[in-house]
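Student: I have a protein model open, but I do not know how to read it. Can you take me through some features?

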Amino acid sequence: MQKRMGPVAPLTRGLGAPCRRPIGGVAVPPRGLTAPFIADVMLGRLARWLRLLGFDTLYSTDITDRELLRIARQEGRTILTRDTHFVGGCASNIAGGRASCIFIKSDDVFEQMKEVLSAIGPGVPDVMRCLKCNGILEPVTDKAGVEGSVPEYVYRNFNRFSRCALCGNIYWEGSHFRDFRERLRKALG
Ligand SMILES: [Zn+2]
């Protein structure tokens, strides 16, 4: 049985929350993949939305700053943080050429997303990722295969589904996701 949850539910412990995520269909041109991200504990919602847009984003509520820095250095991940003190730590790592850092100013997740996309330049990956585990989503070719794994009304009313290649979570396209992605595209011109 797949766990299900709306697209903006808060992250829980571990790498993500039980989730459900809309599927693509938004005509954002594929561009070069950016460096992967790792978000600090204050940026759970941003991490989820970055995954929705296909960005490789690690997030955990159970991680120390030291550990976060270590992973960023080892995996070449850009750190997303709201912690001004932490930015100082990032700076010393940037000097070593091993990690970079984006300081997020806004409380609003939409504005936060704009901050990230402005910092890294234009480009949205042409893949989508699981909110729960950051795995890449693959289209479900046989709709009957998800019957029983999603609510009945969803099965009846949606025809496009995706499945996480890592954890098997099922996603379908929802208006909330479409609206957010559209707003983002417009805001970024
Ligand atoms: Zn997954």
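Student: Which residue in S7 is the bridge partner of Arg 163?

Tutor: Ile 170 is the bridge partner of Arg 163 in S7. Two ground rules now. This is a predicted model, where local features need pLDDT of at least 70, side-chain atom pairs count only at pLDDT 80 or more, and totals for chains, interfaces and linings use all residues. Residues are numbered from 1 along each chain as its sequence is written.

Student: What do labels such as S7 stand for?

Tutor: They are DSSP runs, numbered from the N terminus: helices (H or I) have at least four residues, strands (E) at least two. Here the protein chain has six helices and seven strands. Along the sequence the pattern is β-α-β-α-β-α-β-α-β-α-β-β-α.

Student: Which strands pair with S6?

Tutor: Strands pair if DSSP finds at least two bridges between them. S6 (residues 161-164) and S7 are antiparallel, with three bridges. S5 and S6 also run antiparallel, joined by three bridges. In that second pair, Pro 139 stands opposite Ser 162 of S6. The result is an open sheet of three strands, in the order S5-S6-S7. Its edge strands, S5 (137-139) and S7 (170-172), each pair on one side only. From one strand to the next, the twist averages 35°.

Student: Which way do the residues of S6 point?

Tutor: In a regular strand, side chains alternate between the two faces of the sheet. In S6, Phe 161 and Arg 163 point one way, while Ser 162 and Cys 164 point the other way. All of these are buried. Buried means 20 or more other C-beta atoms within 10 Å of the residue's own; 12 or fewer is exposed, and in between is partly exposed, with C-beta atoms placed from the backbone.

Student: How much of the protein chain is buried?

Tutor: Buried residues make up 34% of its 189 residues. Helix H1 (residues 44-52) is a good case: eight of its nine residues are buried, so H1 is largely enclosed by the rest of the structure. Among them are Gly 44, Trp 49 and Arg 51.

Student: Where do the nonpolar residues gather?

Tutor: In soluble globular proteins, nonpolar side chains tend to be buried together. A nonpolar core is a set of buried Ala, Val, Leu, Ile, Met, Phe, Trp, Tyr and Cys residues joined through C-beta atoms within 7 Å. The largest core here has 34 residues, and Ile 38, Ala 39, Leu 46, Trp 49, Leu 50 and Leu 80 touch the most other members. H1 supplies the largest share of this core, five residues.

Student: Which residues does Leu 46 contact?

Tutor: Contact means that two C-beta atoms, placed from the backbone, lie within 7 Å. Leaving aside neighbours within four places in sequence, Leu 46 touches Ala 39, Leu 80, Ile 104, Val 109, Gln 112 and Met 113.

Student: How do H1 and H4 cross?

Tutor: Axes are lines fitted to C-alpha atoms, for helices over the stretch in contact, and angles run from 0 to 180 degrees between N-to-C directions. The axes of H1 and H4 (residues 109-120) come within 10 Å and cross at roughly 60°. That makes H1 oblique to H4. Under 35 degrees counts as roughly parallel, over 145 as roughly antiparallel, 65 to 115 as roughly perpendicular, and the rest as oblique.

Student: What is the phi of Asn 134?

Tutor: Asn 134 has a positive phi of about 75°, although it is not a glycine. Asn 134 sits in the loop between H4 and S5. Asn 134 counts as buried because it has 22 C-beta neighbours inside 10 Å.
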